[in-house]
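Colleague: Please take a close look at one part of this model for me. I would like the annotated binding site, and what surrounds it.

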Amino acid sequence: MAAPGENLRINPDRLWDSLMEMAKIGPGVAGGNNRQTLTDADGEGRHLFKRWCEEAGLTMGVDQMGTMFARREGTDPDALPVYVGSHLDTQPTGGKYDGVLGVLGGLEVVRTLNDLGIKTRHPIVVTNWTNEEGTRFAPAMLASGVFAGQHEQDWAYARQDRDGKRFGDELERIGWKGEEEVGARKMHAFFELHIEQGPILEDEDVDIGVVTHGQGLWWLQVTLTGKDAHTGSTPMPKRRNAGLGMARVTELVHEVAMDYQPDAVGAIGHVEVYPNSRNVIPGKAVFTIDIRCPDKDILDEMRARIEEGIATICEALDIGFEVEPVGHFDPVTFDEGCVKAVRDAAERLGYSHRDIVSGAGHDACWINRVAPTAMVMCPCVDGLSHNEAEEISKEWARAGTDVLFHAVVETAGIVE
Ligand code: HGY
Ligand code: MN
Ligand code: MN
């Protein structure tokens, strides 16, 4: 397909205004966002996105996982659409750009095509995937995982948040349970723009990350069972301290990740201690291990070493344990043709660029299983994300969305 002229660029002010408008919905307490999936704030953000899509002349479809698909017609109605998008849900202490830049960047692609009166052969569909973050309902990338056939829909509907609310019930409650069968849509290609959420691009003063791979991930939920007892009157040798076990497992995860530098990472993010009383030895601890690595064999070796270590720690402390995998995907290799479209776009537009492996998981990691997929990344300040202080510059947003525009439009084919 003919590439768009290098003079074709998006409208950075309109994009930035939309990002700031969306950021007003589900505000955090420190300047970021708390728009967790299937909350009222998520519902409000969806309505705003829907209104903007309709103003841009798009027709909205919603599937049974609540994922939103806003379609711009192409000249060939039989041609499979080019999809472009990300997610609008955020972490509890999330930033204004994680996911949102990819959805509103996709909308900006369409708005620019409308401004320029450009028709494409393939339709273009702007997408908001439900529950990418996986904080309220584990695992992450839940809706894109069902779409890609990695999770059963009933299993997804049964996922519960920490208050025992079910995903399926909350999706109905906010009024975003659609009719479409999940995964019925076929794609010509899928592109996702996302902030890097790491320091590489900013440190190297590079505008664009051409994402060739995504690292693999395991989320292991661990339950340690000891015995509640008085912190003052229980002799040390008689304690069965689940909190101590969690501390030792936390250290173990860090040590294992450090053994496979520079690529492996590992931490514990979610922690619940029971009864969580100042003068009671914790009888129970529930926490999630997050380990990642671009190399599948190393990732699996890390998991095996950690599970063996948990057994040894618990035997020494006389506490019980359960380890439940609650999230996983193997390392991802994105589609060469789509990756080339991203790289050529950066080249054509004169933006500095480098190939990069995504440290974070994204909906694109699952969609890559069912359609040719690639990602565009832009820097973020200090590489910080999943923090309300997450920040990007308008120039970075512009560069990333310009490249997204060119990759999508070239793949969709301009009709003269
Ligand atoms: O966990 C992740 O990598 C993504 O931010 N949900
Ligand atoms: Mn994200
Ligand atoms: Mn995220």
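Modeller: What follows covers the annotated residues one by one, then a helix pair and a buried serine. This is a predicted model, in which local features need pLDDT of at least 70, side-chain atom pairs count only at pLDDT 80 or more, and totals for chains, interfaces and linings use all residues. Residues are numbered from 1 along each chain as its sequence is written, chains are lettered from A and ligands numbered from 1 in the order in which they are written, and side-chain values use heavy atoms, with hydrogens and water left out.

Start with the record. An unreviewed UniProt entry lists His87, Asp98 and His194 under "binding site". These residues span 108 residues in sequence, yet no two of their C-alpha atoms are more than 9.7 Å apart, so they gather at one spot. The unreviewed entry also lists Asp98, Glu133 and His386 under "binding site". That set is spread over 289 residues of sequence but clusters in space, with a largest C-alpha distance of 9.8 Å. UniProt positions are given here in the numbering used for this model, feature names are shortened, and annotations may be inferred rather than shown by experiment.

Asp98 appears in the first list and again in the second. Aspartate 98 sits in the loop between β3 (82-86) and α3. Helices (H or I, at least four residues) and strands (E, at least two) are DSSP runs, numbered from the N terminus. Aspartate 98 counts as buried because its relative accessibility is 4%. Buried means under 20% relative accessible area, exposed over 50%, and partly exposed in between (1.4 Å probe, protein chains only). Not counting residues up to four places away in sequence, aspartate 98 touches His87, Asp89, Glu133, His194, Ile195, Gln197, Ser385, His386 and Glu390. Contact means heavy atoms within 4.5 Å.

Two histidines pair with that side chain. The side chain of histidine 194 makes a polar contact with the side chain of aspartate 98 at 3.0 Å. The side chains of histidine 386 and aspartate 98 are joined by a polar contact of 3.1 Å. A polar contact is a pair of N or O atoms within 3.5 Å; within protein, one must be able to donate a hydrogen and the other to accept it, and residues adjacent in sequence count only if both atoms are side-chain atoms.

Now the histidines themselves. Histidine 194 lies in strand β6 (residues 189-195) and is buried, at 1% relative accessibility. Its side chain also has a polar contact of 3.5 Å with that of histidine 362. Histidine 386 is in the loop between β16 (373-378) and α12. Histidine 386 is partly exposed, with a relative accessible area of 40%. Beyond four places in sequence, the contacts of histidine 386 are Gln91, Thr93, Asp98, Glu133 and Gln197.

Next, the helix pair. Residues of α3 that meet α12 include Leu101, Gly105 and Val109. On the α12 side, Ala397, Leu404 and Phe405 are among them.

Last, the serine. Serine 144 is in helix α4 (residues 142-147) and is buried, at 0% relative accessibility. Leaving aside neighbours within four places in sequence, serine 144 is in contact with Trp129, Asp363, Trp366 and Ile367.
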